[in-house]
Amino acid sequence: MMRKRGRRGALVGAAVAAATATALTGCFDCEESVHLDRNLSGRAAYRLTIDMEPVVDVNAAAAHAKSGKPGTATAQEIAQAREQALRELAGGASGADAAKLADPAAKKASFAANLPPGIKLLSWSEDTLRLKRESRFEVGFGDLRQLVPLKLLPWNRGGSVLQRDQPFEGLRVVDEGPTVLVTLTPQPAGAGEERTEPRPAGEVKEEETILRHAGFAFRLDSPFEVVETNAARRDGHALYWEFKGSALVAAMNAQPPTTLRARLKK
């Protein structure tokens, strides 16, 4: 009998991580922001930083230990771990495909062409320095709900480093008349998938280890008066939710699922 995989309390937004084929994935940090205008149109921004450099030596050592050889990782094994990290940053591509994905203009055009209806690309940029990459974009929308189906392409999310491809999935807006309720319940990777067995304890432990080196932040601002919110901090009409390390692990395991919420007076 198929048993539905339970939906883990979620909070990684676009940054729910999974283990790679070697030891640990790199450190990553994700920020999302939404600006609402009075007619509920607005802009949304996304920034993802992935740094694979800290784990190259760790992954090389793990591969060396797995081989059963004595001593420490060799220069060749470290080089192989570095090449693997580069492939991860290229969305798993290699060779000619990786070179093609290294073209910023082509990547920007591909991202723009795959935006959902009603979403307009305002800016896009990407900076890569060795094994660290920072991707950023800003889009405009006519209705906040149009953000939900926006998808990242494989090179956006770092291949197997990040499993989420819809950073604004779980975003909801309810027009209550005098007020508007905005909520974000970030969905974990694989939510709703069917599993025939429980998740392996090692997989859970590895994921939590990764999350302890991760960060997620969400910002919401508008011209409206804030009536109610569970934001961690406020700066005028701007609301901030920030989760790092152990706080991110706790949010991931929360039951019921962690939901960011703000009720605004129009």
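I began with Thr183, which I found in strand S7, a strand being a DSSP run of E of at least two residues, while a helix is a run of H or I of at least four, both numbered from the N terminus. The model is a predicted one, in which local features need pLDDT of at least 70 and side-chain atom pairs count only at pLDDT 80 or more, whereas totals for chains, interfaces and linings use all residues. Residues are numbered from 1 along each chain as its sequence is written, and side-chain values use heavy atoms, with hydrogens and water left out.

**Thr183**

I looked up whether Thr183 is buried or exposed. Thr183 counts as buried because its relative accessible area is 13%, and buried means under 20%, exposed over 50% and partly exposed in between, with a 1.4 Å probe and protein chains only. I then listed its contacts (heavy atoms within 4.5 Å), and, with neighbours within four places in sequence set aside, Thr183 meets Gly170, Leu171, Arg172, Thr259, Leu260 and Arg261.

**The second largest cavity**

I next turned to cavities, a cavity being a set of points on a 1 Å grid over the protein atoms alone where a 1.4 Å probe fits but cannot get out, with lining residues having an atom within 4 Å of a point. Grid points are joined across faces, edges and corners, and a volume is the space filled by probe spheres set on the points. I noted two cavities of 30 Å³ or more, and for the second largest I wrote down a volume of about 30 Å³. Its lining includes Thr183, Leu260 and Arg261, and strand S7 (179-184), S9 and strand S13 (260-265) each give at least two residues to that lining. By class, the lining has seven nonpolar residues, one polar and one charged.

**Asp221**

I followed S9 (residues 214-221) to Asp221, which lies in this strand. Asp221 is buried because its relative accessibility is 13%. Which side chains make polar contacts with the side chain of Asp221? I found His35 at 2.4 Å and Arg219 at 2.7 Å, where a polar contact is a pair of N or O atoms within 3.5 Å, one able to donate a hydrogen and the other to accept it within protein, and residues adjacent in sequence count only if both atoms are side-chain atoms. Not counting residues up to four places away in sequence, Asp221 touches Val34, His35, Leu36, His237 and Ala238.

**The whole protein**

Lastly I recorded seven helices and 13 strands, with buried residues making up 46% of the 266 residues.

Methods. On a 1 Å grid over the protein atoms alone, a cavity is a set of points where a 1.4 Å probe fits but cannot get out, and a pocket is an open set with protein on both sides within 12 Å along at least five of seven lines; lining residues have an atom within 4 Å of a point. Ala, Val, Leu, Ile, Met, Phe, Trp, Tyr, Cys and Pro count as nonpolar, Asp, Glu, Lys and Arg as charged, and the others, Gly among them, as polar.
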